[in-house]
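Open the model in your viewer and keep the selection tool at hand. The stops below say what to select next and what is there.

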Amino acid sequence: MKSAPFKYYVPSEIDEALELLYQLGDEAKILAGGQSLVPMLNYRLLSPANLLDINRVSELKRYSLTDEGLKIGAGVRQREIELSPEIELAFPVLHQALTNVAHVQIRNRGTICGSLAHADSAAELPSVMVALGAQMVIRSGVGVRAVKAEEFFKFHLTSDLEPAEILTEVHVPKLPAKTVGAFEEVTRRKGDFALVGAALLGQWDANGQIQNCRIVCSGVAPVPLRLRFAEDIVNGTDLSDQVLVNVQQSVMDSLDPTEDIHTSSHYRKIVTGVVVRRGLSRLVDQRGAANGSR
Amino acid sequence: MAVDESRADPVEDKSWISVTINGSKQDYLVEQRLSLADFIRNQVGLKGTHLGCEHGSCGACTVIIDDRAVRSCLMFAVQSDGSSIETVEGLAIDGVLSPLQESFQANHALQCGFCTSGFLMSLVARLREGPIDTESEAREALSGNICRCTGYSGMVAAILEQSNSIQGIKENS
């Protein structure tokens, strides 16, 4: 189980990387953390003629947390973001999601942007970025464009990226005041891809009602799935036990999740209802805290 | 597995890297598609790093690079240029086992030993971040590696014993 031979390029500047990518086109794969790509190379599911290693592009190895939000470059490891206390405070849901991504040994190498570009529909980061309303910053030799996370994921393992483009950065906008969030998932074993995951965000208003709730699930569809019908049920309610029961039932009645080697569609549907209900319960737990500073 | 080398240009498909392995720095000419794990085993000759699944699931190949535990099957050797690599061979000094290795032995934390070097390197990196005080923390620390014969109870006992003795030393000093 060894990778097939490839030509190895290791640019140190982003412009050099983009120029190389333009020349090599779809004959090249971008190597960032390699935690999804290298297994595929080892299995020879992929044997690209060229590998473009962006790990030496210093410009991509930065992240910043400002009043506008969080910007994460394509070279930033998942573990770096997980270990930042400031980011945990500003985006607790992102931190929770990250602690569920594989194992620490994988997060030490794996990048945030790499996981997004890989676009695995069962992965944690795509669904959490959709919930957070993140923007993907995509560069090519001819320019820069930004794509909303919700429009970036096209299908399982397929994103909006063109062959000559690199996802250079993800922007997570600052959350509104008093935002609460939760990330829940059910896995067969610790560190596995979840059968179903759910990223939830919302704000408690002065009357004790949840507003602007976002519920985004992984593992149930070929892309992160925003459950707008469930959001409509919960918005403007106090998330009482009865509301939670109603949402859980509605999720089970409405979804037709993916069936695969890991589980049946029927079981996944039940698990989705449970995961969404648990996530909403976590928002309830934070009702008091949200009336504090944020 | 036999590999067709005919496509490979013997000069262009290799790169010089400079790495520090268990404290000793050296330059190597590596084939670019060579995994870090195969490099450590076959080119450096340190066979304590084992390969189980070769796709990042089992953790047997775990080594420490620049203070972080990583899967050496999911990196190419060429990517380690300039870094400091620690393998299981670096744990014992002059044939004397490290305290964690001693605890593994005393608590029957291994049977066949195939997975042990990966577990040890994961735990060494984890223990540098702070002590492991509870069984649940110990199991979390073990979760990225797989053992298929002995199980994890002995390892949990070894970790807790080890962490307690580190705590004891700190409190007594």
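Start in chain A by selecting β11(A) and strand β12 (residues 196–204): the two run antiparallel and are joined by eight bridges. Strands here are DSSP runs of E with at least two residues, helices are runs of H or I with at least four, and both are numbered from the N terminus. Now pick A182(A), whose bridge partner in β12(A) is L200(A).

A word on the model and its labels: residues are numbered from 1 along each chain as its sequence is written, while chains are lettered from A and ligands numbered from 1 in the order in which they are written. The model is predicted, so local features need pLDDT of at least 70 and side-chain atom pairs count only at pLDDT 80 or more, whereas totals for chains, interfaces and linings use all residues.

Widen the selection to the whole sheet, which is open, has four strands in the order β11-β12-β13-β14 (chain A) and pairs antiparallel; strands pair if DSSP finds at least two bridges between them. At the edges stand β11 (179–186) and β14 (225–226) of chain A, each with a single partner strand, so one side of each has no neighbour in the sheet.

Next, select helix α8 (residues 124–131) of chain A, which lies across β11, β12, β13 (210–218) and β14 of chain A and runs at about 160 degrees to β13(A). Such angles run from 0 to 180 degrees between N-to-C directions, with axes fitted to C-alpha atoms, for helices over the stretch in contact.

Move to chain B, where 24 residues are in contact with 22 residues of chain A; contact means C-beta atoms, placed from the backbone, within 7 Å. Strand β4 (residues 68–71) of chain B gives the largest share of chain B's side, four residues.

Then colour chain B by domain: domain 1 is 14–90 and domain 2 is 99–172, with bounds from an automatic or database domain assignment. Their C-alpha centres lie 22 Å apart.

In domain 2, which residues of helix α2 (residues 99–106) of chain B are buried? They are L100(B), Q101(B), S103(B) and F104(B), where buried means 20 or more other C-beta atoms within 10 Å of the residue's own, C-beta atoms being placed from the backbone. Seen down the axis of α2(B), the buried residues fall within an arc of 160 degrees, so they line one face of the helix; the arc is that of the directions from the helix axis to the C-beta atoms.

Last, select H108(B), which follows α2(B) and has a positive phi, near 50 degrees.

Terms used:
Two residues are in contact if their C-beta atoms, placed from the backbone, lie within 7 Å. A residue is buried if 20 or more other C-beta atoms lie within 10 Å of its own, exposed if 12 or fewer, and partly exposed in between; C-beta atoms are placed from the backbone.
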